[in-house]
Amino acid sequence: MLSLIPLSSLEKVFADEKPAAAPMSRFTCLQGERLSFQLAFSSDCDTQLSPAITGAGAACCTAYWVEDVPVGKACYEDSDEFFLRRESGMYPDVLRPVATSLAAKASVWYSLWVEFACDCPAGDYDITVTLGEQSQTFTVTKLAAQLPAQKLLFTQWFHCDGLAQFYNIAVWSEEYWAILEKHLRCAFEHGVNFILTTLFTPPLDTQVGGERLTTQLVGVTKTGDTYDFDFALLSRWFDLCENIGFAAYELSHLFTQWGAAHAPKIVDINGTKLFGWETDATGDEYRGFLRQFAAALMPYLVQRGLKERCYVHVSDEPGEWCLEMYAKQSAFIKEIFPKLPMIDALSDFAFYEHGHIERPVPCNNHVEPFIGVVPELWTYYCCSQHHSGESNRFMAMPGWRNRIIGVQLWKFKCVGFLHWGLNFYNLQFSTQPINPFEVTDAGGNFASGDSFSMYPGENGDALASTRLKVFYDALQDLQALQLLEQKIGYDATLALVEEGIAPITFTESPRTNEWLLDLRERINAALI
């Protein structure tokens, strides 16, 4: 005998706990939208289960088993109360396409995740999910309104080294390119339209004096004080990304993280290191290299028609301690790349106030001073945003905390969002690669889920997480709000969003799954 509970995508089904959320089996969605829902189930005896999906909407559905992974660090000691659990254990996260039956153990709770995605005439579509001898029918009402295209630039950093290390293959080998395409496509299908491009091995989350696996796309040949640059690999990268459909490219950081004092690892075509931690980033040698590089790169980008779609980075997360150094490096990059916009994740308003950066990307718990001041507002989150109810997507966080970001990005008219961990399969500081199915907290250094939301599957396939899908729901909420704003105006849309609640900020919002689900239904109803 099976127990079945229909649920929204915002719930997390733990093996040892019957879901407490109210059953939910009716949903609405727009044309061009992907809708996810779940069927939680538990058996009174060990059994083997294979799902069958029938009904008018069955052809539009893809089913996944929700698979648990071990969570070591669920949260931090100073984390707020808005977590599902605070203990280590097994948490639901991986979405594995249903290809085989599931060996369900007695009295254990599982979840089948169903994604409904197709353009079809407006109307009601019944979707019946059958497990064993039990069935549950969901009804999706497809509305006539068309979800608009994504305008937000969204980058979740794609770490090329993790794929090579997990699959034990050479970077830029033919096998690597085939796997890379699958993972890039998965990222793009979940809203990542602004892709980190590794001109040189990114100096991100790297131990001082240490190195990450080389993932350099630009070939460099040094003859005396002269450098020649080969863009063949970079061209292949751009060809692939253009074919997938990426909107823009963020060129990897030209100075080290947390200070901009050194160069990223740069090697020549023979693998000999030219620059790195030992390099004075303000020295004549490195600046001479960058001048020559910029002189070669800019015509190349113009020739490819990409100049208007590329952004440059100086250094990631600089603070007040390195304001003077950052100012020097920023001025230099503006000098050699005058036509490329610059963005960096930083939260100290002084960097913007003193003109060192025009497009700062402050974290969402420090964004307030930038709102209404910067002409193009961006924000980001990482491991540090867990104190005040701000949005984030650790595995132990509830679904609303992941999805509310879409409403916040809309209200404050953000043009971009950044998250550092799409597929960072390393320990902190990249001291050692990890298996993300076994280690989810970078060796106990980050809350589980902070460093990745995609998994490397069998045969090079990319596996999404539930958190990646829920964040995509947030992006669709943003687009639906933009559509409603076109219809009734910003003020009326905001009034609908904030009806009966206190004004939403990046740290204050209704903290339930039910409010978000109801809001989306009210938005959809207003679009009819």
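Which residues in H2 meet which residues in H3? In this predicted model, Glu174, Trp177, Leu180, Glu181, Leu184, Arg185 and Phe188 in H2 meet Leu233, Arg236, Trp237, Leu240, Cys241, Asn243 and Ile244 in H3. By type, the residues of this contact divide into nine nonpolar, one polar and four charged. H2 covers residues 174-189 and H3 covers residues 232-244. Their axes come within 10 Å and cross at roughly 40°. The crossing of H2 and H3 is right-handed.

H2 has another contact, with helix H1, residues 160-167. The axes of H1 and H2 come within 11 Å and cross at roughly 125°. Angles between 115 and 145 degrees count as oblique, so H1 is oblique to H2. This crossing, too, is right-handed. From H1 come Cys160, Leu163, Ala164 and Tyr167, which meet Tyr176, Ile179, Leu180 and His183 in H2. The residues of this contact divide into seven nonpolar, one polar and no charged. Leu180 of H2 appears here, and Leu180 also takes part in the contact with H3.

Now turn to a sheet. It is open, has three strands in the order E13-E16-E19, and pairs them in parallel. Which strands stand at the edges? They are E13 (194-197) and E19 (310-311). Each has a single partner strand, so one side of each is left without a neighbour in the sheet. Strand E16, residues 248-251, is joined to E19 by two bridges. Tyr249 has Cys310 of E19 as its bridge partner. H3 packs on this sheet and touches E13 and E16. The direction of H3 makes about 165° with that of E13.

A hairpin comes next. Strand E14 (residues 219-223) and strand E15 (residues 226-230) run antiparallel, joined by five bridges. Thr221 stands opposite Asp228 in E15. Two residues lie between the strands of the hairpin. Gly224, in the turn, has a positive phi of about 65°.

Strand E12 gives another pairing. E12 and strand E23 (residues 416-419) run parallel and are joined by four bridges. Leu153 stands opposite Gly416 in E23. Where do the side chains of E12 (residues 153-156) point? Leu153 and Thr155 point one way, while Phe154 and Gln156 point the other way. In a regular strand the side chains alternate between the two faces of the sheet. In E12, all of these residues are buried.

Further along the chain, helix H4 (residues 284-304) packs with helix H5 (residues 323-336). Their axes are 10 Å apart, at an angle of about 30°. Angles under 35 degrees count as roughly parallel, and H4 and H5 are therefore roughly parallel to each other. Their crossing is right-handed. H4 contributes Arg287, Leu290, Arg291 and Ala294 to the contact. H5 contributes Lys328, Gln329, Phe332, Glu335 and Ile336. The residues of the contact divide into four nonpolar, one polar and four charged.

The last stop is helix H9, residues 466-488, where Gln482 is found. Is Gln482 buried or exposed? The relative accessible area of Gln482 is 16%. Buried means under 20%, so Gln482 is buried. Not counting residues up to four places away in sequence, Gln482 touches Lys151 and Trp410.

Conventions
Residues numbered from 1 in each chain as written. Predicted model: local features only at pLDDT ≥ 70, side-chain atom pairs only at ≥ 80, totals over all residues. Heavy atoms only, no water. Axes fitted to C-alpha atoms, helices over the stretch in contact; angles between N-to-C directions. Left-handed = near helix turned anticlockwise from the far one by under 90°. Contact = heavy atoms within 4.5 Å. Nonpolar A, V, L, I, M, F, W, Y, C, P; charged D, E, K, R; others polar. Buried < 20%, exposed > 50% of the residue type's maximum accessible area, 1.4 Å probe, protein only. Pairing = 2+ DSSP bridges. Parallel < 35°, antiparallel > 145°, perpendicular 65-115°, else oblique.
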